[in-house]
Amino acid sequence: MAKLRSQGLRPVFVLLCFLFFVLRLGIFVAADDQSSESHKDDGYDFGVTEEDQIGDNSTASGGAYAAPNSVAMDQERSELCNTDMSSFLPPPYNNISNMVCRPVWNTFLLRYQKKEDNVVTFILSAVYTTGWVAMGFSKDGRMVGSSAMVGWFNRKGQARIKEYYLQGTRSSQVIEDAGELDLTKVPPAVVINGAMIYLAFQAKFEKPLASQPIILAFGTRFPNHFRLSSHDDKTTILFDFTAGSASRAHIHPGQMKKNHGVLGTLAWGLFLPVGAIVARYLKHKDPLWYYLHAGVQFFGFLLGLANVVLGQQLYNKIDANIPSHRGIGIFALTLSILQILAFFLRPKKDAKIRKYWNWYHHWFGRIALFFGVFNIVWGIHLGAAGMSWKIGFGFLITMILVTVIILETLSWLRGSERTTTPPETFQMNPF
């Protein structure tokens, strides 16, 4: 009886430990991005909007600002592209020839030169009075997860230029001296010439720079101990470094990211766990349990496969290079493929290798479910999905856990009745 009871409670214990782990992870990551949806419009969200376009005018009175007339602005830009920078920029920026010069936004001009070893030299200029000017490199057109070069002159007239990693939407999450830009050994520089500020830096990329979402922003207040103030204006453009052209950013991966999350949640958080529940607790309904189990699991596998395909498309569209999330997803998909193969290679019940097949099928399925659910939690954190996703997925996992506990208890009670009820005795009628 004690052995039977321990075997019956083992799955419940494992599920309780797993839920505790998931909730602990959710609480841990909530400190980094809690209520991110409520901060979408705060001072640090450089996200793509329909209104963001080249040539938008800024009404700010300080920092970098726009020329009041578009015709005059175009003429001024053309003249500024011919500015001789050899007299005020430090080497090697003062003697770089054949630089491409393009207006990108307001009074912002972008000069760049590409080398064969994927090293690109950037010189960003804009009309400047006070505050800071920034140029960021984004993966999906939004601020979170991007890296930016920020330059300014403080109240004492001292030049400052730093790389920042935009980890989140709050000012405390804009981290100085951090980021994913691979800056070369050539020191970045920031100078003022006339009414213009110039940010010059050099970075090396893994592959030739082509179409790239660029974040442009400025603030009119001085950074306080290198902590940036809220921006006064911003935009995101899609710059083609091959053709040398800029366009309005039509990068809207938000819906695709949501679809990716929904498919993953339905596959690994609902259908595949339900299929496993059917196999464990409905075997007394033979052969109904088998067909339900196979059908639900196959449908969950198709959702998981579609989720991986959509994730690959998302990766190609926004270059979302997240090795951990991607690797875990591929690993879980591989295990689920092995489970599908196990369905076709299932030996007969009386075969000698049937017990090894059962061991393989049960444990590979459990491992796949563990990593699938873990990857959902990890994806919610990496995607800064917000508390609504965390609460929704936590509720789903809780409901599944409660269902498992109830079914496991009923199963244990049925097993106890079978072991405690004595077998019926039959008496033969005497002759």
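Visitor: Where does Leu345 lie in the chain?
Guide: This is a predicted model, by the way. Helix H5 runs over 323-344 and helix H6 over 354-382. Leu345 sits in the loop between helix H5 and helix H6.

Visitor: Is Leu345 buried or exposed?
Guide: The cut-off for exposed is over 50% relative accessible area. Leu345 has a relative accessible area of 64%, so Leu345 counts as exposed.

Visitor: Which residues make the nonpolar surface patch of about 530 Å²?
Guide: Leu345, exposed at 64%, is one of them. The full set making the patch is Ile337, Leu341, Phe343, Phe344 and Leu345.

Visitor: What does the UniProt record say about residues 327-345?
Guide: The entry is unreviewed, and its annotation lists several spans, including 262-282 and 327-345. In the model, the span 327-345 is 95% helix and 0% strand, with its end C-alpha atoms 27 Å apart. The label that the UniProt entry puts on the span is "transmembrane region".

Visitor: How far apart are the end C-alpha atoms of residues 262-282?
Guide: UniProt's unreviewed entry annotates this span as a "transmembrane region" too. The span comes out as 95% helix and 0% strand. Its end C-alpha atoms lie apart by 28 Å.

Visitor: On to charges: why can side chains pair up at all?
Guide: Pairing can happen when charged atoms come close, and the side chains need to be of opposite charge. The cut-off used here is a nitrogen of Lys or Arg within 4 Å of a carboxyl oxygen of Asp or Glu. By that rule, the number of salt bridges is three.

Visitor: Which residue do Glu176 and Asp177 meet in salt bridges?
Guide: Glu176 makes its bridge at 3.6 Å, N to O. That pair links strand E7 (residues 174-176) to strand E6 (residues 159-166), 14 residues apart. Asp177 makes its bridge at 3.1 Å, from the loop between E7 and strand E8. The partner that ties this network together is Lys162.

Visitor: Is Lys162 buried or exposed?
Guide: Its partners vary: Glu176 is partly exposed at 30%, and Asp177 is exposed at 54%. Buried means under 20% relative accessible area. At 16%, Lys162 therefore counts as buried.

Visitor: How many residues apart in sequence are the parts tied together by Arg280 and Glu408?
Guide: Their side chains meet in a salt bridge at 3.1 Å, N to O. Arg280 is partly exposed at 38%, while Glu408 is buried at 5%. Arg280 lies in helix H3 and Glu408 in helix H7, so the pair ties together parts whose separation in residues is 128.

Notes: Residues numbered from 1 in each chain as written. Predicted model: local features only at pLDDT ≥ 70, side-chain atom pairs only at ≥ 80, totals over all residues. Heavy atoms only, no water. Patch = residues over 30% accessible without salt bridge, like charges linked within 9 Å, V, L, I, M, F, W, Y side chains within 5 Å. Areas by Shrake-Rupley, 256 points an atom, 1.4 Å probe, with all protein chains shown as cover. Helix = DSSP H or I, 4+ residues; strand = E, 2+ residues; numbered from the N terminus. Buried < 20%, exposed > 50% of the residue type's maximum accessible area, 1.4 Å probe, protein only. UniProt positions renumbered as here; feature names shortened; annotations may be inferred.
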